[in-house]
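Here is a walk through the fold and the contact between the chains. Have the model open alongside as you read.

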Amino acid sequence: MKAKFSAYLNEIAPGLKEMIAELGKSYDYVSVLSTDSVGFNVRVSQRVKSINGSTLTTERGNVVRVYKDGLYSEYSFNRFDPDRAKDMAAEVKNVLDAQLSVLAATGSKVYDTPKLDDEKQELFVEMETGMLPEETDLSALVDKLQRFSDEGVAMSDEVIDCNCVAQSTHICKMFLTTNKDLRQSYVYSEGTVLTIGARDGKSDQSYSGISDRLGPEIFDGLGEAVKKGNRELNDILGADHVIPGEYEIITSPEVSGLIAHEAFGHGVEMDMFVKKRALGAEYIGKRVGSDMVTMHEGAKCVRDVTSYAFDDEGTPAGDVIEIDKGILKTGVCDALAALRLGTKPTGNGKRENFEHKVYTRMTNTMFDPGTSTKEEMIASVKKGYLLEGMDSGMEDPKHWGIQCIVSRGYEIIDGKLTGKVISPVIMTGYVPDLLGSISMASTDYESYGNGACGKGHKEWVKTVDGGPYLKAVAKLG
Amino acid sequence: MTDRIIELLKRSGADAWEVKDKNVKAWEFYFIRHQLDQNRVRDVEHIEVTVYRKLEDGKFLGSATQEIAPTASDEEAGKIIADLYNRAAYVKNPYYELNKKPVKGGGESFDPAQMARDFIEVMQQIPETSGEDINSYEIFAESCTRRYVNSEGIDVTVSYPSSTVEVVVNARNEDHEIELYRMYTSGTCDKENLVKEISKTLSFGKDRLAAVPTPALEKATVLFTTADSVELFKWFAMKMHAAFKYRGLSDWEKGKAICDDVKGDTFTIKAVKELPNSSYNAPVDSQGAEIRDMYILKNNVPENFWGDVQFSYYLGVQDSFIASNFAAEGGEVSESELRNGNYLEPVEFSDFSVDPITGDIVGEIRLAYWHEGDKVTPVRGGSVSGTLAELIKNVRLSRELSQYDNTLVPSAIRIEGVTVTGA
């Protein structure tokens, strides 16, 4: 079925266009992004349940962007009356003028930026989904999650609880200017299983998830996630700490994705080039990894939770080859950063929601697969670890340091898994060294869309990353 | 709109309900160097409704929550409330009661324009040099009003300011340039403190340029003297959170010391109603409970669990509330007395995190000072790690305290036996 576009947005579109026309009398460029995204978040554990109509991306509101004298200004609001469009335009202008007064009083100068193009464009996209979150039988879903949770705790006496979470969001966004009318509607869903356990006074939890740009029909797959979570919890509870040092590593597709995201995902967000905060700007055309490293970024790379038709500035989705056989080719760019750098936007201008500013952000960041099998890669390791499970990571585009917190490391000695597990694992290093050490890649190709990504310590958006198993060398602590 | 929603709720057949209505007026300014990248205004209202339904003769209480847009028609709002009533039947939780004690709101509205202007002027006053300067900064100044209404008779409104400034600073020499990142949150603009903190960060930048790789110290004494200390104290606070306890994520018990064989200082932490210029100062929490001063942990012994009404009820905790400001007590010695012997003082991590369940601490070092008696060497790279449950047996806390927005902590925390991986 098609994910039907929002009737509410269709209803307010004429009023928004009237507001754009009114503001156009005072500004050289005007756009409005309007959103009406609904969804659910259902949580079931042995001890407590909840149903909430909010997810990270549910929202209803508008943001108007205006341009004059080299400056872009924005106004976010969610009390729009289409019958009072002219009044709203006056309100926007008044408050933005008041801001300009403060800027003048403080002697603040403007970062002069060219005007955005506004070529005529129309787009209406309703993507395929199996179900819609707003039409889902939540009673049946709660029962399903309860069965999964029951199965999770029945698998081991050490399991304290098994939390099953199902989230689904129907995204509807409309981007309007004088000449553009873009509307898109799609559904994405993500399910997670958090299994909590204790052994010998030590508590810990495992985390397993599924995601796709599809509807709540994907939640049948959580049964496998429950089994996986149980195995991983057992591994963590029996784990030791790593002896700090440099090791050969094989990263699972999930951990490979974390490296892609932290190493060169953030590092080539080109709004950071504008601020001179990214070393990547100086390395375009230069080697940053081994021949085994090819990396794509874009909403069109794979189908997962961030595979939209256009970004929050109305730029069509893209698929950029950032690294080609170890050579850094280009970055990704939002529309304003592109104007400032004299390049083209790549469809990576994203907002946390209508209340937030656009930044250059990742969508799907993926390493290309190789030709080896996971088994061949393990057999090639003299002494090292197979790293699985992502906890967190932190970018460092200015210096290319990398910090990845990985859930588990499985010891490999003389090409064989020994059964010994370490947890947690801090993987640190210098990005070109890490990517330069990649010597094998598997034929696997998996994406993961359960996480959220911040810029600095805020601006949380959905992102996806992944790739194959990779063999490299890294410092573990 | 909120009053219309309340009328719809009264007629909905719900056994109980609550409405949270938050209005925010915010001014934002984004600067690259000192040039304005963009200016923004936010004027938004969020109305969240929860409908409760007694199940199986009141043995269970179901609930469902959703936001209703301020532009929703009565028909649309009525349909959402009816859906929530149906959904609540699927959420069979043990019975609990909403807050019902009368409470008094308060606060005053703040002018985001003035707050934002104060921040701009402060940022223009930061003493920069050709070697250390400001790369970019983002200013967020909010005036917030929060109204909470429930079916048990509570209707209370609080107003408060909240502001954040994110700052990136650079330092450079002939060979290369480095950056440091900071995010400061407070009520309104604390000019004096902000100038002091950013100036200190600029000096860290200078030291980072001269930093050498962190030596592999294996087990070392580590002195925490920055906002990262807050992460350490959050672990204690979360272990005493009612939901954490009820869900089996905390095995701490009231009256039973959290660890044995303590060789250093013990921890005492209070939830407090107010801290100077905290962005969390409000007399009432988001569920209509009065916020007051209360010991959470006293000399390593859990005193009171805290948290939302559902889990507090399950634990039998009376008059609990969602704590928002925390104050730790210091130790008996001064910070200068803690600075002795060999120790590592990290002042900049990529990201310093403490796992709320395991207490595992992790951080990749971007800048630290390796103190060997009087010799101080700036170092970079490598990481610190360990498990708080073990490490807290041998900790010394300074007598002096430092406040980071809603948390007051000892200005120096000295921990023995932390794993330090070299760069």
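## Ground rules

Two strands count as paired if DSSP finds at least two bridges between them. The strands themselves (E, at least two residues) and the helices (H or I, at least four) are DSSP runs, numbered from the N terminus.

What you're looking at is a predicted model, in which local features need pLDDT of at least 70 and side-chain atom pairs count only at pLDDT 80 or more, while totals for chains, interfaces and linings use all residues. Residues are numbered from 1 along each chain as its sequence is written, and chains are lettered from A and ligands numbered from 1 in the order in which they are written.

## Chain A overall

Chain A has 9 helices and 26 strands. Its C-alpha trace spans about 70 × 55 × 40 Å along the principal axes. The radius of gyration (taken over C-alpha atoms) is 24 Å, which agrees with the value near 23 Å for a compact globule of 477 residues; that rule is 2.2 Å times the number of residues to the power 0.38.

Of those 477 residues, 61% are buried, meaning that 20 or more other C-beta atoms lie within 10 Å of a residue's own; exposed means 12 or fewer, partly exposed is in between, and C-beta atoms are placed from the backbone. Contacts (C-beta atoms, placed from the backbone, within 7 Å) are mostly long-range in sequence: of those with a separation of 6 or more, 77% join residues 24 or more positions apart.

## Strand S25 of chain A

Which strands pair with S25(A) (residues 464-467)? Strand S16 (residues 364-367) of chain A does so in the parallel sense, over 3 bridges, with A:Thr365 opposite A:Asp465. Strand S22 (residues 446-448) of chain A also has 3 bridges to S25(A), this time antiparallel, and there A:Glu446 has A:Gly467 as its bridge partner.

In a regular strand the side chains alternate between the two faces of the sheet. In S25(A), A:Val464 and A:Gly466 point one way, A:Asp465 and A:Gly467 the other, and all are buried.

## Where the chains meet

The contact draws 61 residues from chain A and 60 residues from chain B. Strand S4 (residues 71-77) of chain A gives the largest share of chain A's side, 7 residues. That side divides into 24 nonpolar, 22 polar and 15 charged residues; here Ala, Val, Leu, Ile, Met, Phe, Trp, Tyr, Cys and Pro are nonpolar, Asp, Glu, Lys and Arg charged, and the others, Gly among them, polar.

S4(A) also pairs across the chains: 6 bridges join it to strand S2 (residues 35-55) of chain B, and the two run parallel. A:Tyr75 faces B:Val41 in that pairing.

## Helix and sheet in chain B

Helix H1 (residues 2-10) of chain B has B:Ile5, B:Leu8 and B:Leu9 as its buried residues. They fall within an arc of 100 degrees seen down the axis, so they line one face of the helix; the arc is that of the directions from the helix axis to the C-beta atoms. These residues pack against strand S1 (16-32), S2, strand S3 (60-68) and helix H2 (74-88) of chain B. The face turned away carries the exposed B:Asp3, B:Glu7 and B:Lys10.

Further along, chain B has an open sheet of 6 strands in the order S12-S11-S10-S13-S21-S20, with mixed pairing. Strands S12 (301-302) and S20 (401-404) stand at the edges with a single partner strand each, so one side of each lacks a neighbour in the sheet. Within the sheet, S10(B) (residues 269-272) and S11(B) (residues 294-298) run antiparallel, joined by 3 bridges, and B:Ala271 stands opposite B:Met294.

Definitions and conventions: Two residues are in contact if their C-beta atoms, placed from the backbone, lie within 7 Å.
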